[in-house]
Amino acid sequence: MKKEEIEALCFEDALHELESIVSKMDNGQVKLEDAISMYEQGNLLRKQCEKKLAEARLKVEQITTSTAGQAIGLEPFKAE
């Protein structure tokens, strides 16, 4: 799967692909070259999952801070 294809995946699809790679690698029946390629793809999938989770988190809540920069509460996300 190409980087552009991975970046287009929703969280659930990226996670499913990542779980599939982990399962295949845990099996131990993967050649070294294939394992390296799968690791690289897995890393891209992990980053995509993290990105989608961060985006979702920002949509749900926004941290409010004091003038000193300390977190003091949460507010619903406001789309700009």
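Is Ala35 buried or exposed? The structure is a predicted model, and in this model Ala35 is buried, with a relative accessible area of 17%. A residue counts as buried when its relative accessible area is under 20%. Ala35 is found in helix 3. Leaving out residues up to four places away in sequence, Ala35 touches Met25 and Val30. Met25 is 10 residues away from Ala35 along the chain, and the C-alpha atoms of the two are separated by 6.8 Å.

To place this residue, consider the whole chain. The protein chain has three helices and two strands. Read from the N terminus on, the order of these elements is α-α-α-β-β. The chain has 80 residues, and 16% of them count as buried. Its accessible surface comes to about 6500 Å², and carbon and sulfur atoms account for 53% of that surface. Among the contacts with a separation of 6 or more, 38% are between residues 24 or more positions apart.

How far the model can be read depends on the part of the chain in view. The mean pLDDT of the protein chain is 87, and 81% of its residues reach 70 or more. Confidence is highest in helix 2, at 95, and lowest in strand 1 (residues 61-65), at a mean of 68. Where pLDDT is low, the predicted coordinates should not be read in detail.

The next topic is the interior. Which residues make up the largest nonpolar core? There are eight: Ile6, Leu9, Ala14, Leu18, Ile21, Met38, Leu45 and Cys49. Helix 2, which covers residues 11-27, supplies at least two residues of this core, and helix 3, which covers residues 32-60, also supplies at least two. One of the core residues is Leu18. Not counting residues up to four places away in sequence, Leu18 touches Gly42, Leu45 and Arg46. Of these, Leu45 is itself listed in the core.

Gln41 is not one of the residues listed in that core, yet Gln41 is buried, with a relative accessible area of 18%. Gln41 lies in helix 3. With its neighbours within four places in sequence left aside, Gln41 is in contact with Met1, Ile6 and Ile21. Ile6 and Ile21 both appear in the core.

Ser20, found in helix 2, can be set beside Gln41. Ser20 counts as partly exposed, at 28% relative accessibility, whereas Gln41 is buried. The C-alpha atom of Ser20 is separated by 9.4 Å from that of Gly42, a residue 22 places away along the chain.

Charged side chains come next. Side chains of opposite charge can pair when their charged atoms come close. How many salt bridges does a search of the whole structure find? The search finds two. In one of them, the side chains of Glu50 and Arg46 meet at 2.9 Å, N to O. Glu50 and Arg46 are four residues apart in helix 3, so about one helical turn separates them. Glu50 counts as partly exposed, at 44% relative accessibility, and Arg46 counts as partly exposed too, at 33%. Arg46 is also one of the residues that Leu18 touches.

Another salt bridge joins Glu55 and Lys52, whose closest N and O atoms are 3.7 Å apart. Glu55 and Lys52 are three residues apart in helix 3, so they too are separated by about one helical turn. At 32% relative accessibility, Glu55 counts as partly exposed. Lys52 also counts as partly exposed, at 27%.

The last topic is cysteine. How many disulfides does a search of the whole structure find? The search finds zero. Cys10 is in no disulfide, and the nearest cysteine sulfur, that of Cys49, is 9.2 Å away. A disulfide requires the two sulfur atoms to be within 2.5 Å, so the pair Cys10 and Cys49 does not qualify. The surroundings of these two cysteines can be described as well. Cys10 is partly exposed, with a relative accessible area of 33%, whereas Cys49 is buried, with a relative accessible area of 7%. Cys49 is also one of the eight residues of the largest nonpolar core.

Technical notes:
Residues are numbered from 1 along each chain as its sequence is written. Side-chain values use heavy atoms; hydrogens and water are left out. A nonpolar core is a set of buried Ala, Val, Leu, Ile, Met, Phe, Trp, Tyr and Cys residues joined through side-chain atoms within 4.5 Å. Buried means under 20% relative accessible area, exposed over 50%, partly exposed in between (1.4 Å probe, protein chains only). Contact means heavy atoms within 4.5 Å. Accessible areas come from the Shrake-Rupley method with a 1.4 Å probe; for residues, only the protein chains shown count as cover. pLDDT is the predictor's confidence in each residue, from 0 to 100. A salt bridge is a side-chain nitrogen of Lys or Arg within 4 Å of a carboxyl oxygen of Asp or Glu.
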